[in-house]
Amino acid sequence: MDTFNENMPLNNPNSDGDFGDEPEPIDLDAMVAIDKEQEKIRLPFAYAKRHKVLITDNNEETADVSYSDDTGVDAITEVRRRVGRKLKLTKYPALEFEQIMQKF
C-alpha cells in the first residue's frame with residue numbers, strides 16, 4: 001500500500017488501474033500532526049472529514065473531541081489510541097458538526 005502524500009491527486013487509481021469502491025484507509029500513526037509551537041495535536045483533515053471526528057483542543061492530559069451523531073465508535077477509539085490521552089467527547093448533530101469542521 002502506498003503511503004499518503006499531500007501532493008498526490010485524490011483520484012489516483014490503485015495498482016490495478018482500478019479506482020475501486022472503497023477509499024484507502026488512512027494511517028493515523030503516520031499522520032497525526034503535533035504543532036511544535038503550541039504542542040497541539042491535530043488529526044489529518046481527510047481522516048476528520050471521512051470519520052466525522054475532530055480534536056478541537058488538548059492539553060497534556062486530555063483532548064477535547066467533537067464528533068457527529070453518525071460517527072462510528074471505531075473512529076473515536078482510534079483517536080483515543082493514537083493521542084494517548086483521556087478524551088472529553090462532545091456529540092453534535094451532523095449539520096452542526098459540519099459547521100464546526102469548516103472552522104478548522
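This is a short talk on the fold and the buried parts of one protein model.

Okay, hi everyone. Before anything else, please keep in mind that this is a predicted model. How confident was the predictor? The mean pLDDT of the protein is 76, and 62% of its residues reach 70 or more. Over residues 1-15, though, the pLDDT is below 50, and in the model that stretch has eight contacts beyond near neighbours in sequence. As a general habit, where pLDDT is low, don't read the predicted coordinates in detail.

Right, the overall layout. You'll find four helices and five strands here. If you walk along the sequence, the pattern goes α-β-β-α-β-β-α-β-α. The protein has 104 residues, and 27% of them are buried. For the surface, about 7700 Å² is exposed, with carbon and sulfur atoms supplying 47% of that. And here's a number about how the chain comes back to itself: take the contacts with a separation of 6 or more, and 46% of them are between residues 24 or more positions apart.

So what sits inside? The largest nonpolar core has 12 residues in all. Among them are Ile 41, Leu 43, Tyr 47, Val 53, Tyr 67, Ala 75 and Ile 76. Which elements give two or more residues to this core? Those are strand S3 (53-58), strand S4 (62-68) and helix H3 (73-83). H3 brings the largest share, four residues. Apart from this core there's another one, of five residues, including Ala 48, Phe 97, Ile 100 and Met 101. Hold on to those last few names, we'll meet them again.

Let's zoom in on two neighbours from the big core. Ala 75 lies in helix H3, and Ile 76 has its place in H3 too. Is Ala 75 buried or exposed? Buried means under 20% relative accessible area, and Ala 75 comes out at 3%, so buried it is. Ile 76 has a relative accessible area of 13%, so this one counts as buried as well.

Who do they touch? I'm skipping residues up to four places away in sequence. Ala 75 touches Tyr 47, His 51 and Val 53. Ile 76 is in contact with Val 53, Tyr 67, Thr 71, Leu 87 and Leu 89. Val 53, then, turns up as a partner of Ala 75 and of Ile 76. You can also look at distances between C-alpha atoms. Ala 75 and Tyr 47 are 28 residues apart in sequence, yet 9.0 Å apart in space. Ile 76 and Lys 52 are 24 residues apart along the chain, and their C-alpha atoms are separated by 9.4 Å.

Last stop, helix H4, residues 94-103. Which residues of H4 are buried? They're Phe 97, Ile 100 and Met 101. They cover an arc of only 105° around the axis, which means they're on the same side of H4. Why does that kind of spacing work? An α-helix has 3.6 residues a turn, so residues three or four places apart point the same way.

Now flip the helix over. The face of H4 turned away from its buried side carries the exposed residues Leu 95, Gln 99, Gln 102 and Lys 103. And what covers the buried residues of H4? The cover includes helix H2 (45-51), S3, S4 and strand S5 (86-92).

That's my tour, thanks for listening!

Key: Residues numbered from 1 in each chain as written. Predicted model: local features only at pLDDT ≥ 70, side-chain atom pairs only at ≥ 80, totals over all residues. Heavy atoms only, no water. Core = buried A, V, L, I, M, F, W, Y, C linked by side-chain atoms within 4.5 Å. Buried < 20%, exposed > 50% of the residue type's maximum accessible area, 1.4 Å probe, protein only. Contact = heavy atoms within 4.5 Å. Arc of directions from axis to C-beta. Areas by Shrake-Rupley, 256 points an atom, 1.4 Å probe, with all protein chains shown as cover. pLDDT = per-residue confidence, 0-100.
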